[in-house]
Amino acid sequence: MELSFLKQGSKIAIAAPARRVLREEMQYAIDWLKENGFVPVFDDSLFDEHFIFAGNDANRAAHFQQYLDDEQIDAIWCARGGYGSIRIIDKLDFTKFMEYPKWIVGFSDNTVFHGKLSRLRVPSLHAPMPYRFENKTAAAKQSLIDALTGKPLRYEFAAHPLNRQGVMEGEIVGGNLSVLCGMIGSDTFPETDGKILFIEEVDEYIYHIDRMMHALKRAGKLDHLKGLVVGGLTKVHDNEDIPFGQSVEEVVADAVSAYGYPVCFGFPAGHFDDNRAVALGMKSKVCIETNVLFEGNW
């Protein structure tokens, strides 16, 4: 399904489907939207609190449903990640959304929405969120504008020693590795056969990542990929007493060592300031040679 790209005056709703946010944490992003010609849409329910969540499950789902159904809204920008989206995904009805589809933008915990939309064959944007948006690089912010307005995305970066050279071309699916593994066997896990799988992770132990990669492998989710793209693997921990014995990149490389498709490490997307936008569910091309060239083909 094709989505309309945004233009001056397009309305972008800010919703908090997971962890709670403060008004002052959203202000920079709200101002940034206005400065770039968009109309931010939100109400006080954005700042609801229920322990760690932005309101209880029912209220977060109702708030998100409101924007899913509103045909005047052109995009939904998830306020932040944390945890909570998986608790409300089954409470949401995408029937009217499919009549008036729109971009859903976010990453990390919002991988749940990317998986759901992938199954519905609706593209979405893995991209920075309003929380701590002021810390994002100029390139990351510009990539979000480019993605929303339909400009081609093009990133060139240094090759990693563990890369497996080649060209992968096709639709990108995926997101946060922990969230993906939490969706295995459900109707929100994206189809991976014939797709480019993208993964990223933050604040995990190496052995946890090893276990998750083997979970994907045992479930057959790595068997028939066009290729694997690995974004940020940040703030990764090793055991304090006895080291695991491999770097986190080696763990991932080993998990796909039996397959012949290209593998790319160090993609500029994930839990860091230079978090570039990636259109999931749309055709992209990744050329892995002495450097890496990514092109988002609209």
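Reader: What makes E6 and E10 the edge strands of the seven-strand sheet?

Author: In this predicted model, seven strands line up as E6-E13-E12-E7-E8-E9-E10, an open sheet with mixed pairing. Strand E6 (153-158) and strand E10 (263-264) each pair on one side only, and that makes them the edge strands.

Reader: How do you know that E7 and E8 count as a pair?

Author: Two strands pair if there are at least two bridges between them. Strand E7 (residues 166-176) and E8 have five bridges, in the parallel sense, so they pass that cut-off. One contact to look up is Asn-176, whose bridge partner in E8 is Glu-200.

Reader: And the sheet with six strands, why do E2 and E11 have a side without a neighbour?

Author: The order there is E2-E1-E3-E4-E5-E11, again open and with mixed pairing. Strand E2 (39-41) and strand E11 (278-280) have a single partner strand each, so one side of each has no neighbour in the sheet. Neighbouring strands of this sheet are turned by 25° against each other on average, direction ignored.

Reader: What makes E1 and E3 a pair in that sheet?

Author: Same test: at least two bridges are needed, and four join E1 to strand E3 (residues 75-78), running parallel. Ala-13, for one, has Ile-76 in E3 as its bridge partner.

Reader: Over to the rings. Why is the pair of Phe-5 and Trp-103 called stacked?

Author: Ring centres have to lie within 6.5 Å, and planes under 30 degrees apart count as stacked. Phe-5 and Trp-103 come in at 5.7 Å and 25°, so the label is stacked. The model has 16 aromatic pairs by this rule.

Reader: What parts does the pair of Phe-5 and Trp-103 tie together?

Author: Phe-5 is in the segment before strand E1 (11-15), while Trp-103 belongs to strand E4 (residues 103-106), so the pair links parts that are 98 residues apart in sequence.

Reader: Which of those two counts as buried, and why?

Author: Buried means under 20% relative accessible area, and partly exposed runs from there up to 50%. Trp-103 has 1%, so it is buried, whereas Phe-5 has 31% and is therefore partly exposed.

Reader: Why is the pair of Phe-42 and Phe-47 labelled edge-to-face?

Author: Planes over 60 degrees apart get that label. Phe-42 and Phe-47 have 80° between the planes, at 6.2 Å centre to centre, and are edge-to-face. Phe-42 is partly exposed at 30%, and Phe-47 is buried at 14%.

Reader: What makes you say that Arg-276 lies over Tyr-155?

Author: The distance part of the rule asks for CZ of Arg within 6 Å of the ring centre, and the rule also limits the angle to the ring normal. Arg-276 lies over the face of Tyr-155 at 5.1 Å from the ring centre. Arg-164 does likewise over Tyr-261, with its charged end 5.8 Å from the centre. Tyr-155 also belongs to an aromatic cluster with Phe-157, Phe-198, Phe-267 and Phe-294.

Reader: Why is Arg-60 called buried, charge and all?

Author: Its relative accessibility is 2%, so by the under 20% cut-off Arg-60 is buried. Arg-60 is in helix H2 (residues 57-69), and its contacts include Phe-53, Arg-87 and Ile-88.

Reader: Which elements do the buried residues of H9 pack against?

Author: They pack against strand E8 (196-202), helix H8 (206-218) and strand E9 (227-234). The buried residues of helix H9 (residues 248-255) are Val-248, Val-251, Val-252, Ala-253 and Ala-255.

Conventions. Residues are numbered from 1 along each chain as its sequence is written. This is a predicted model: local features need pLDDT of at least 70, side-chain atom pairs count only at pLDDT 80 or more; totals for chains, interfaces and linings use all residues. Side-chain values use heavy atoms; hydrogens and water are left out. Rings of Phe, Tyr and Trp (its six-membered ring) pair if their centres lie within 6.5 Å; planes under 30 degrees apart count as stacked, over 60 as edge-to-face and the rest as tilted. Helices (H or I, at least four residues) and strands (E, at least two) are DSSP runs, numbered from the N terminus. Buried means under 20% relative accessible area, exposed over 50%, partly exposed in between (1.4 Å probe, protein chains only). A charge sits over a ring if NZ of Lys or CZ of Arg is within 6 Å of the ring centre and within 35 degrees of the ring normal. Contact means heavy atoms within 4.5 Å. Axes are lines fitted to C-alpha atoms, for helices over the stretch in contact, and angles run from 0 to 180 degrees between N-to-C directions. Lists of a residue's contacts leave out its neighbours within four places in sequence.
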